[in-house]
Amino acid sequence: MALSGVKNDRGELRILENLDELRTDLADYIAELSEAAVKERGVFAIALSGGSLIGLMGKLCEAPYNKTVDWAKWYIFWADERVVAKNHSDSNYKLAKDGILSKVPIVPSHVHSINDSVSAEEAADEYMFVIRQLVKTRMVSVSDISDCPKFDLILLGMGPDGHIASLFPNHAVLEETDEWVTFITDSPKPPPERITFTLPVINSASNVAIVVTGESKAEAVHLAIDNVEPNCPSLPARLVQPTKGKLVWFLDKPAASKLDDLQFSE
Ligand SMILES: O=C(O)[C@H](O)[C@@H](O)[C@H](O)[C@H](O)COP(=O)(O)O
C-alpha cells in the first residue's frame with residue numbers, strides 16, 4: 001500500500017511498499033504527464049538522468065504503457081550526462097537506450113543526447129544550443145518568469161551525498177545561474193567529466209520527480225526533505241524547488257526510514 005502526502009514546501013511524497021509498487025506508480029505518473037502534455041502542447045519533453053532510475057522506469061516498456069503512451073510525441077533529453085563515448089558502459093545515453101529507448105517506438109531524431117566527440121565544455125555549449133533551438137520552435141516550452149526552458153518532466157535520482165543530476169554538494173556548479181547547461185571536470189563520483197542542467201533549469205520545469213531507493217540514501221532523504229537545523233543549504237536535492245512546477249518524491253520504505261513523523265493518507 002502506498003503512502004502519500006505533502007511535506008511542507010518540499011513537495012509531494014509517495015512512499016511505496018516495495019520496488020515493484022514503486023515501478024508501477026512511477027510508470028503511471030510518467031504516462032499521465034505524457035498524456036496531459038501531448039493533449040495540451042502536442043509534445044512531451046522529458047529529461048532523464050542515469051543510475052537506478054532507468055531500471056525503475058522499466059515498466060513503461062511493458063503492457064499497457066508500451067501501447068498506450070504516445071511515444072512518437074516524446075522528445076528526450078538528459079538532465080546530466082557523463083562525457084564518454086555513447087557506447088561506453090558509463091554513458092547515461094547508453095543506459096537509457098538499452099533499458100528503454102530501444103524497446104519503445106521513440107522517433108530517433110527526437111532523442112537529444114550530447115556530442116560525445118568534443119570536450120565537456122563544448123558538449124555543454126552544444127547541448128545548450130540544441131535546447132535553445134527547440135525552445136524557439138516550442139518543442140520545449142519556456143518559463144514565463146525566466147527565459148529558461150520549461151521541460152514537461154525532469155526525472156532525477158539522488159546519491160547518498162544528496163547530489164542530483166551532476167550537481168554535487170559544495171561544488172561551485174551549484175552557483176551557476178547564467179547557463180542552462182554547464183560542465184564539470186572534477187565529479188566526486190566517477191567519471192569526472194560531466195555536463196549537467198543547472199538549478200535554474202531544473203527549477204523551471206513543470207514537473208520534477210526525484211526517485212530514491214535504499215537505506216543508504218535515508219539520511220540524505222531526511223536532510224533534503226525534513227526541517228532540519230542547521231538547514232543544509234548546499235545539499236543539492238534540497239535546492240530542487242520548482243518555482244511554479246510540481247515536485248514529487250518517489251521513495252521506497254528504506255529510503256524514507258529516517259523521515260520525521262509523517263501524516264499520510266493510505
Ligand atoms: O550520472 C549520474 O551519475 C547520475 O545521473 C546520478 O545523478 C544518479 O542519478 C545518482 O547518483 C543516483 O544514482 P543511483 O540511483 O544509481 O544511486
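Trainee: Which residues come nearest to the ligand?

Mentor: This is a predicted model. Around the ligand there are 14 residues, and S52, R82, H163, K189 and K217 come nearest.

Trainee: What makes the approach of S52 to the ligand a polar contact?

Mentor: Check the distance. A polar side-chain atom of S52 is 2.5 Å from an oxygen atom of the ligand. The cut-off for a pair of N or O atoms is 3.5 Å, so the pair counts. R82 passes too, with a polar side-chain atom 2.7 Å from a ligand oxygen. For K217, the distance from a polar side-chain atom to an oxygen of the ligand is 2.7 Å. In total, the protein covers 89% of the 420 Å² of accessible area that the ligand has on its own.

Trainee: Why is S34 called buried?

Mentor: Its relative accessibility is 2%. Buried means under 20%, so S34 qualifies. S34 sits in helix 1, residues 19–41. Beyond its sequence neighbours up to four places away, S34 touches F44, V69 and W74.

Trainee: Why does G162 count as buried?

Mentor: Set 0% relative accessibility against the 20% limit; G162 therefore counts as buried. G162 belongs to the loop between strand 8 (153–156) and strand 9 (181–184). Leaving out residues up to four places away in sequence, G162 touches A220, L235, P236 and A237.

Trainee: Why is helix 7 described as largely enclosed?

Mentor: Count its residues. Helix 7 covers residues 218–225, and six of the eight are buried, so the rest of the structure largely encloses this helix. The buried ones are A218, A220, V221, H222, A224 and I225. They pack against strand 2 (12–16), strand 11 (207–212), strand 12 and helix 8 (253–256).

Trainee: What makes K246 and E12 a salt bridge?

Mentor: The N to O distance between their side chains is 3.0 Å. The limit is 4 Å, so the pair passes. This pair links distant parts of the chain: K246 is in strand 12, E12 is in strand 2, and 234 residues separate them.

Trainee: Are K246 and E12 buried, or partly exposed?

Mentor: Judge each one. K246 has 42% relative accessibility, so K246 is partly exposed. E12 has 16%, so E12 is buried.

Trainee: How do you know that R14 and D25 form a salt bridge?

Mentor: Their side chains meet at 3.2 Å, N to O. R14 is in strand 2 and D25 in helix 1, so this pair ties together parts 11 residues apart in sequence. R14 and D25 are both buried.

Trainee: Which residues are linked in a network of salt bridges?

Mentor: E12, R14, D25 and K246 are linked in that way. The structure holds 11 salt bridges.

Trainee: What makes D80 and R194 count as a salt bridge?

Mentor: The closest N and O atoms are 3.6 Å apart. That is within 4 Å, so the pair counts. The pair links distant parts of the chain, with D80 in strand 5 (residues 80–82) and R194 in strand 10 (residues 194–197), 114 residues apart. D80 and R194 are both buried.

Trainee: How do you know that D252 has no salt bridge?

Mentor: Look for the nearest side chain of opposite charge. For D252 this is K217, 8.7 Å away. The limit is 4 Å, so the pair fails. D252 is buried all the same. D252 lies in strand 12, residues 246–252. Its side chain reaches the backbone nitrogen of G214 at 3.0 Å. That is within 3.5 Å, so the distance fits a polar contact. Apart from neighbours within four places in sequence, the contacts of D252 include I15, L16, V212 and G214.

Trainee: Where is there a cis peptide bond, and what is omega?

Mentor: One joins A63 and P64, with omega about 0°. P64 is in the loop between helix 2 (53–56) and helix 3 (65–68). The bond from P190 to P191 is also cis, and omega is near -5°. P191 is placed in the loop between strand 9 and strand 10.

Trainee: What is phi of R138?

Mentor: Phi is near 65°, a positive value in a residue other than glycine. R138 is in the loop between helix 5 (120–136) and strand 6 (141–142). At 45% relative accessibility, R138 is partly exposed. A165 has a positive phi as well, about 45°, and is not a glycine. With 7% relative accessible area, A165 is buried.

Methods:
Residues are numbered from 1 along each chain as its sequence is written. This is a predicted model: local features need pLDDT of at least 70, side-chain atom pairs count only at pLDDT 80 or more; totals for chains, interfaces and linings use all residues. Side-chain values use heavy atoms; hydrogens and water are left out. Helices (H or I, at least four residues) and strands (E, at least two) are DSSP runs, numbered from the N terminus. Buried means under 20% relative accessible area, exposed over 50%, partly exposed in between (1.4 Å probe, protein chains only). Lys and Arg count as positive and Asp and Glu as negative; His and the chain ends are not counted. A polar contact is a pair of N or O atoms within 3.5 Å; within protein, one must be able to donate a hydrogen and the other to accept it, and residues adjacent in sequence count only if both atoms are side-chain atoms. Contact means heavy atoms within 4.5 Å. A residue is near a molecule or strand if one of its heavy atoms lies within 4 Å of it. Accessible areas come from the Shrake-Rupley method with a 1.4 Å probe; for residues, only the protein chains shown count as cover.
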